Amino acid sequence: MRQLIQRAQALTSLADHLQPLALLALRLYVSSVFFRAGVIKVSDWSATLALFHDEYKVPLLPPDLAACVGAFGELAFPVLITLGLAGRLGAAGLFVVNAMAVISYPQLWGFDCPAAIHMHFAWGAILLGLVVFGPGKLSLDALVLRRLGLPPRAAAA
């Protein structure tokens, strides 16, 4: 029994070594999705404003301001996440942007193909994971902590 547990620990140790790469891959994936959406928004601003006036129902914000805030969030937070600079803050901010997209576009729930809403849930889960676990060892956050002589867990404390 002891040998079986030791072998299992060796396998999980391998998975632990892959964690920084997995976190980097998740950061790059979710950032690219939202950054591209932000680029599309600013590339045709009049269409973006029309969507926010006619389709998206963002609570509490006027449509023009909601469009600006949404585009800013989709362009700024992915940069933070990609670099792993204030990675948890960037992930939390993008989580709010994602949640607001789901809330303000109720048609997502009514499509015949549920892939659209399911993707928002998947992106939300990835972003929550990045908030909880941080950007990982392959990030500017980790580099800054090392330069300051602080342990990596200091950011979580």
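Helices (H or I, at least four residues) and strands (E, at least two) are DSSP runs, numbered from the N terminus. By that rule, Ala 91 is in helix α4.

This is a predicted model, in which local features need pLDDT of at least 70, side-chain atom pairs count only at pLDDT 80 or more, and totals for chains, interfaces and linings use all residues. Residues are numbered from 1 along each chain as its sequence is written, and side-chain values use heavy atoms, with hydrogens and water left out.

**Exercise 1. Place Ala 91 in its surroundings.**

Task: Is Ala 91 buried or exposed, and which residues is it in contact with beyond its neighbours within four places in sequence?

Solution.
- Step 1. Fix the classes. Buried means under 20% relative accessible area, exposed over 50%, partly exposed in between (1.4 Å probe, protein chains only).
- Step 2. Apply them. Ala 91 has a relative accessible area of 0%, so it is buried.
- Step 3. List the contacts (heavy atoms within 4.5 Å). Ala 91 is in contact with Ile 81, Leu 127, Leu 130 and Val 131, leaving aside neighbours within four places in sequence.
- Step 4. Add a distance. The C-alpha atoms of Ala 91 and Leu 143 are separated by 18 Å, and the two residues are 52 apart along the chain.

**Exercise 2. Describe the largest nonpolar core.**

Task: Which residues of the largest nonpolar core touch the most other members, and which elements give two or more residues to this core?

Solution.
- Step 1. Define the set. A nonpolar core is a set of buried Ala, Val, Leu, Ile, Met, Phe, Trp, Tyr and Cys residues joined through side-chain atoms within 4.5 Å.
- Step 2. Find the hubs. The largest core has 13 residues, and Val 30, Phe 34, Ile 81, Leu 94, Leu 127 and Leu 130 touch the most other members.
- Step 3. Name the elements. α1, α3, α4 (87-104) and α5 each give two or more residues to this core.
- Step 4. Follow one hub. Outside four places in sequence, Val 30 is in contact with Ile 81, Leu 94, Trp 123, Ile 126, Leu 127 and Leu 130.
- Step 5. Recall the background. In soluble globular proteins, nonpolar side chains tend to be buried together.

**Exercise 3. Analyse the salt bridge.**

Task: Which residue forms a salt bridge with Lys 41?

Solution.
- Step 1. Set the cut-off. A salt bridge is a side-chain nitrogen of Lys or Arg within 4 Å of a carboxyl oxygen of Asp or Glu.
- Step 2. Count. The structure holds 1 salt bridge.
- Step 3. Identify the pair. Lys 41 bridges to Glu 74, with the closest N and O atoms 2.8 Å apart.
- Step 4. Locate the partners. Lys 41 lies in helix α1 and Glu 74 in helix α3, so the pair ties together parts that are 33 residues apart in sequence.
- Step 5. Check burial. Both Lys 41 and Glu 74 are buried.

**Exercise 4. Map the nonpolar surface patch.**

Task: Which residues form the nonpolar patch on the surface?

Solution.
- Step 1. State the rule. Patches are made of residues with over 30% relative accessible area and no salt bridge; like charges are joined within 9 Å, nonpolar side chains (Val, Leu, Ile, Met, Phe, Trp, Tyr) within 5 Å.
- Step 2. State the area method. Accessible areas come from the Shrake-Rupley method with a 1.4 Å probe; for residues, only the protein chains shown count as cover.
- Step 3. List the members. Phe 35, Val 39, Val 79, Leu 83, Leu 85, Leu 140 and Leu 143 form the patch, with about 490 Å² of accessible area together.
- Step 4. Assign the helices. α1 (2-43), α3 (63-83) and α6 (140-147) each supply at least two residues.
- Step 5. Inspect one member. Val 79 is found in helix α3, and at 38% relative accessibility it counts as partly exposed.

**Exercise 5. Classify an aromatic pair.**

Task: What is the geometry of the pair Phe 72 and Phe 77?

Solution.
- Step 1. Set the limits. Rings of Phe, Tyr and Trp (its six-membered ring) pair if their centres lie within 6.5 Å; planes under 30 degrees apart count as stacked, over 60 as edge-to-face and the rest as tilted.
- Step 2. Count. The whole structure has 5 aromatic pairs.
- Step 3. Classify. The ring centres of Phe 72 and Phe 77 are 6.4 Å apart and the planes are at 70 degrees, so the pair is edge-to-face.
- Step 4. Compare exposure. Phe 72 is exposed at 56% relative accessibility, whereas Phe 77 is buried at 18%.
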